Amino acid sequence: MQITFVQVLDFIGTLAFAVSGIRLSSAKRFDLFGAYIVGLVTAIGGGTMRDLMLGVPIFWMHDPFYLICTALALLWVILFSRHLIHQNNTWFIFDTIGLAMFTVTGIEKTMHAPDQYPFWAAIIMGTITGAAGGVFRDVFMNQVPLIFRGEIYALACVLGGIAYFAALELGLSTVAAGLICGAFVITMRILAVRYRLHLPILKGDETPKD
Amino acid sequence: MQITFVQVLDFIGTLAFAVSGIRLSSAKRFDLFGAYIVGLVTAIGGGTMRDLMLGVPIFWMHDPFYLICTALALLWVILFSRHLIHQNNTWFIFDTIGLAMFTVTGIEKTMHAPDQYPFWAAIIMGTITGAAGGVFRDVFMNQVPLIFRGEIYALACVLGGIAYFAALELGLSTVAAGLICGAFVITMRILAVRYRLHLPILKGDETPKD
Amino acid sequence: MQITFVQVLDFIGTLAFAVSGIRLSSAKRFDLFGAYIVGLVTAIGGGTMRDLMLGVPIFWMHDPFYLICTALALLWVILFSRHLIHQNNTWFIFDTIGLAMFTVTGIEKTMHAPDQYPFWAAIIMGTITGAAGGVFRDVFMNQVPLIFRGEIYALACVLGGIAYFAALELGLSTVAAGLICGAFVITMRILAVRYRLHLPILKGDETPKD
């Protein structure tokens, strides 16, 4: 068995997404099984949504890799619970690598789907792959999804997706486009956190009718 | 390019649904991107659920119309935030037109799906097309879905759907049945709001076991 | 028409799941239609999720049985609202029979799906069939899903699923494996409630980064 670079990135991202779900579960005092499920949903929820919408087989149902990753993430949180806070920078980097990786995966899977889709649908699928797992996690936590009002997150996926297709337009290969997309997502996220970049809050009327 | 009557109704409905999601997002202080996503999910969530359940391609993934409508809705809320409250009656009418339109679309898409479905499944799909987007919106807002305890809303879709198939039984064309269904939904909604019609609250035991 | 043993169990389980959703709806003061929808989603939500993920037609869309069961459940709650609390033991048994039944159904449907799936995917599908409806119910109630922190529930499905495939490995028939799986789920649930068995709470750091 040969381990590819892509598999390493997939492992890092899955681990980081699962850890994020499991940590929030522990703050809500979920039991071990509940924490495992939330970790799993955070890690694979976005890709599952994408595969359902593309009408293709669900990616994790033929490969125990993601279940094992989530088990490792749970073990890690149990063993290092007191030290997790000191690992925040590491987990932020891993999470960001995952976001970039999942965005590229989502775009490329859409372009290779049996049906043909326009490029903007691929960008949306990339964004869903990267960001929807966190939305499901927050819904299970019974809190407003963080991506709707926190630092720039899902928008980084959209911009990375635009960079992907801009690179293809310029005649670059899909490998180069994927790397550019990933670099874009990672850079955006680092800048967003470093400089606390937020999008403007929408100020509408305060008394919507329904 | 020729714009059909159906397309005009679809535009009005999509706009109104997106505006409803965006206005609630602004009340929750979501950022612009979050408001856009919630508006989009409110507008296309019901039809997406329907297409997933019918096993057909997702309707908006080949047509940028709905993304553009939602962008226009966001622009409108930004530009006219102070005046939206004075437009409540207009938006109520638009929302109602959308509900009627989406119900008919859901029924007809089910009847033309590759698999054959019984009439009551088409009515459910019509109701999901009309009402599920608002449920997703409310889940994202972290509040109990309004349709479960507010004015008659999803029930109007069900009754409209029954009217649709009653019309077909009477030998009317699908166009006539669609118009009757739509008129039924709109009338029900106007009566419900005008006379504050509510269904009875369910009074069960107050201490459910789980 | 001949009523099979499996149909009786399916009826009991559907009724119990719908009653659980409807009772919680009444505690939240939903209207009759909202209570019906929540009851329906509790009863059929897990199987719907399973069918979507397996890419097969949604089971209830060709059979009005589940809609009728839910209507009966609503009627029951309305008629016997004052006595429901005295029926708690009965409903617990019915709910447990449903959980067992739905787990077996989910496993067997996965093994007979057009695509081939590994045994662990079938166990997950069995667990989703049994437990996801309750998760949707709780999300609609705007509360943290009970299965993430209450008594052992979804874990009973997982262990029952393992028992199913262990039985097959030992050369037993699928009927015997189904009975063993069901007995396992029921026993686990009874023990969990009788001895208040909980999984350990996950104690991670209290200040997750996101």
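A:T187 is partly exposed, because 16 other C-beta atoms lie within 10 Å of its own, a count between the limits of 12 or fewer for exposed and 20 or more for buried. The model is a predicted one. A:T187 sits in helix 7 of chain A, which spans residues 174-194. Its C-alpha atom is separated by 13 Å from that of A:G98, and the two residues are 89 residues apart along the chain.

**Relation of the copies**

A turn of 120° with a shift of 0.0 Å along the axis lays chain B on chain A, and the RMSD is 0.0 Å. The two copies are therefore related as by a three-fold rotation axis. In chain B, the C-alpha nearest this axis belongs to B:N142, at 3.8 Å from it.

**Interfaces with chain A**

Chain B brings 35 residues into contact with 31 residues of chain A. Four helices of chain B each supply at least two residues of that side: helix 1 (5-27), helix 2 (32-54), helix 4 (88-111) and helix 5 (119-140). The copies meet through different surfaces, because only 9% of the interface residues of chain B are also interface residues in chain A.

In the contact between chain C and chain A, 31 residues come from chain C and 35 residues from chain A. On the side of chain C that touches chain A, the elements giving two or more residues are helix 2 (32-54), helix 5 (119-140) and helix 6 (154-169). Helix 5 of chain C gives the most to this side, with three residues.

The table lists the two sides by residue class.

| Side | Nonpolar | Polar | Charged |
|---|---|---|---|
| Chain B, touching chain A | 23 residues | eight residues | four residues |
| Chain C, touching chain A | 18 residues | six residues | seven residues |

**Helix 6 and helix 7 of chain C**

Helix 6 of chain C also packs on helix 7 (residues 174-194) of chain C, at an angle of about 150° and with the axes 8 Å apart. Angles over 145 degrees count as roughly antiparallel, so helix 6 of chain C is roughly antiparallel to helix 7 of chain C. The crossing of the two helices is right-handed.

Residues of helix 6 of chain C in this contact include C:A156, C:G160, C:G161, C:A163, C:Y164 and C:L168. From helix 7 of chain C, the partners include C:A177, C:G178, C:C181, C:F184, C:V185, C:M188 and C:R189. By class, the contact of helix 6 with helix 7 of chain C has 15 nonpolar residues, four polar and one charged.

Methods. Residues numbered from 1 in each chain as written. Chains lettered and ligands numbered in written order. Predicted model: local features only at pLDDT ≥ 70, side-chain atom pairs only at ≥ 80, totals over all residues. Least-squares fit on C-alpha atoms with pLDDT ≥ 70 in both. Contact = placed C-beta atoms within 7 Å. Nonpolar A, V, L, I, M, F, W, Y, C, P; charged D, E, K, R; others polar. Axes fitted to C-alpha atoms, helices over the stretch in contact; angles between N-to-C directions. Parallel < 35°, antiparallel > 145°, perpendicular 65-115°, else oblique. Left-handed = near helix turned anticlockwise from the far one by under 90°.
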